[in-house]
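Open the model in your viewer and keep the sequence at hand. We will go from the whole chain to single residues, one selection at a time.

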Amino acid sequence: MQGAATVRRLGSSALLRGSILLLIASTGGNAGAYVFNVIAGRALGPADYGSTLALVSVLSILAVPATAMQTMTAAQVSRAALRSAEAVDDEVDALRRLSDLLALAVTALLLLAALPLARLFAIDSPGVVAMTGVAAGVGILLATARG
C-alpha cells in the first residue's frame with residue numbers, strides 16, 4: 001500500500017515534472033548537436049570541419065560566463081526581492097554594470113585574439129572569429145537580462 005502512495009506523490013511532484021522537461025530538452029539538444037556534427041562533417045570535409053568545430057568549441061567555452069551571469073542574476077535578484085523593491089533596483093543596476101564589463105572584456109579579448117586564433121584553427125577569415133567574440137559578448141548581455 002505504501003508503494004502506491006509514493007508513486008502518487010511522485011506523479012504530482014513539481015521537481016519530477018521539471019526534471020523530465022530538463023531530460024527531454026537535454027536529449028533534444030544533444031540529438032541536434034549530433035545531427036549537426038554529422039551533416040557538417042560530411043558537407044565540409046575533414047579540414048574545414050576541424051576548423052569549424054574548433055570555433056564552435058571556443059563559443060561553448062565562452063558560454064560559461066553567460067551562464068554564470070544568468071545564474072548569478074537570478075539568485076541575487078530573488079534574494080533582493082525578499083528585502084525590498086529598492087534593493088531589486090540596486091541589484092539589477094549592479095548586475096547590469098558587471099554584465100557590461102564582462103561582455104566588453106570577452107568581446108575585446110576575442111577581437112584582439114581573432115588573427116592568432118584564425119591562424120591556429122586554420123580559418124581563412126579572422127572576421128569569423130571576431131564575430132564569434134561579438135556574439136559571445138551579446139550572449140552575456142542577453143543571459144543577464146534573462147536571469
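Start with contacts across the whole chain. Among contacts in the protein chain with a separation of 6 or more, 57% join residues 24 or more positions apart. Keep in mind that this is a predicted model.

**The whole chain**

Switch to a cartoon view. You should find four helices and zero strands. From the N terminus on, the elements run α-α-α-α. Now colour by burial. The chain has 147 residues, and 24% of them count as buried. Turn on the surface next. The protein chain exposes about 9,900 Å². Carbon and sulfur atoms supply 70% of that area.

**The largest nonpolar core**

Which members of the largest nonpolar core touch the most other members? Select Leu62, Phe121, Ile123, Val129 and Ile140 to see them. The core counts 20 residues in total. Helices H2, H3 (85–120) and H4 (126–146) each supply at least two residues of this core. H3 gives the largest share, with seven residues. In general, nonpolar side chains tend to be buried together in soluble globular proteins.

Stay on Leu62 and show its neighbours. Leu62 touches Val106, Leu110 and Ala136, leaving aside residues up to four places away in sequence.

**Leu117**

Move to Leu117, in helix H3. Is Leu117 buried or exposed? Its relative accessible area is 19%, so Leu117 is buried; the cut-off for buried is under 20%. Beyond residues up to four places away in sequence, Leu117 touches Leu110 and Val129. Leu110 is thus a shared stop: Leu62 touches Leu110 too.

Now add Leu55 to the selection. Leu117 and Leu55 are 62 residues apart in sequence. In space, the C-alpha to C-alpha distance between Leu117 and Leu55 is 8.8 Å.

**Ser51 and Ala122**

Select Ser51, in helix H2. Ser51 counts as buried, because its relative accessibility is 7%. What does Ser51 touch, not counting residues up to four places away in sequence? The neighbours are Phe121, Ala122 and Ile123. Two of these, Phe121 and Ile123, were on the list of core members with the most contacts to other members.

Zoom in on the side chain of Ser51. One of its polar atoms lies 3.1 Å from the backbone oxygen of Ala122.

Then centre on Ala122 itself. Ala122 sits in the loop between H3 and H4. Its phi is near 55 degrees, a positive value in a residue other than glycine. Ala122 is exposed, because its relative accessible area is 54%. So this contact joins a buried residue, Ser51, to an exposed one, Ala122.

**Thr107**

Go back to helix H3 and pick Thr107. Thr107 has 16% relative accessibility, so Thr107 counts as buried. Its neighbours, not counting residues up to four places away in sequence, are Gly133, Val134 and Gly137.

Which backbone oxygen lies 3.3 Å from a polar atom of the Thr107 side chain? Select Gly133: the oxygen belongs to that residue.

**The salt bridge**

How many salt bridges does the structure hold? There is one. To find it, select Asp93 and Arg96, whose closest N and O atoms are 3.6 Å apart. Side chains of opposite charge can pair when their charged atoms come close.

Look along helix H3 here. Asp93 and Arg96 are three residues apart, so about one helical turn separates them. Asp93 has a relative accessible area of 35%, so Asp93 is partly exposed. Arg96 is partly exposed as well, because its relative accessibility is 46%.

**A nonpolar patch on the surface**

For the last stop, select Tyr34, Val35, Val38 and Ile39 and show the surface again. These residues make a nonpolar surface patch of about 390 Å².

Where is Ile39 placed? Ile39 is in helix H2, which covers residues 14–83. Ser51 belongs to helix H2 as well. Ile39 is exposed, because its relative accessible area is 54%. Compare it with Ser51, which counts as buried at 7% relative accessibility.

Notes. Residues numbered from 1 in each chain as written. Predicted model: local features only at pLDDT ≥ 70, side-chain atom pairs only at ≥ 80, totals over all residues. Heavy atoms only, no water. Patch = residues over 30% accessible without salt bridge, like charges linked within 9 Å, V, L, I, M, F, W, Y side chains within 5 Å. Areas by Shrake-Rupley, 256 points an atom, 1.4 Å probe, with all protein chains shown as cover. Salt bridge = Lys/Arg side-chain N within 4 Å of Asp/Glu carboxyl O. Buried < 20%, exposed > 50% of the residue type's maximum accessible area, 1.4 Å probe, protein only. Core = buried A, V, L, I, M, F, W, Y, C linked by side-chain atoms within 4.5 Å. Contact = heavy atoms within 4.5 Å. Polar contact = N/O pair within 3.5 Å; in protein donor to acceptor, adjacent residues only side chain to side chain.
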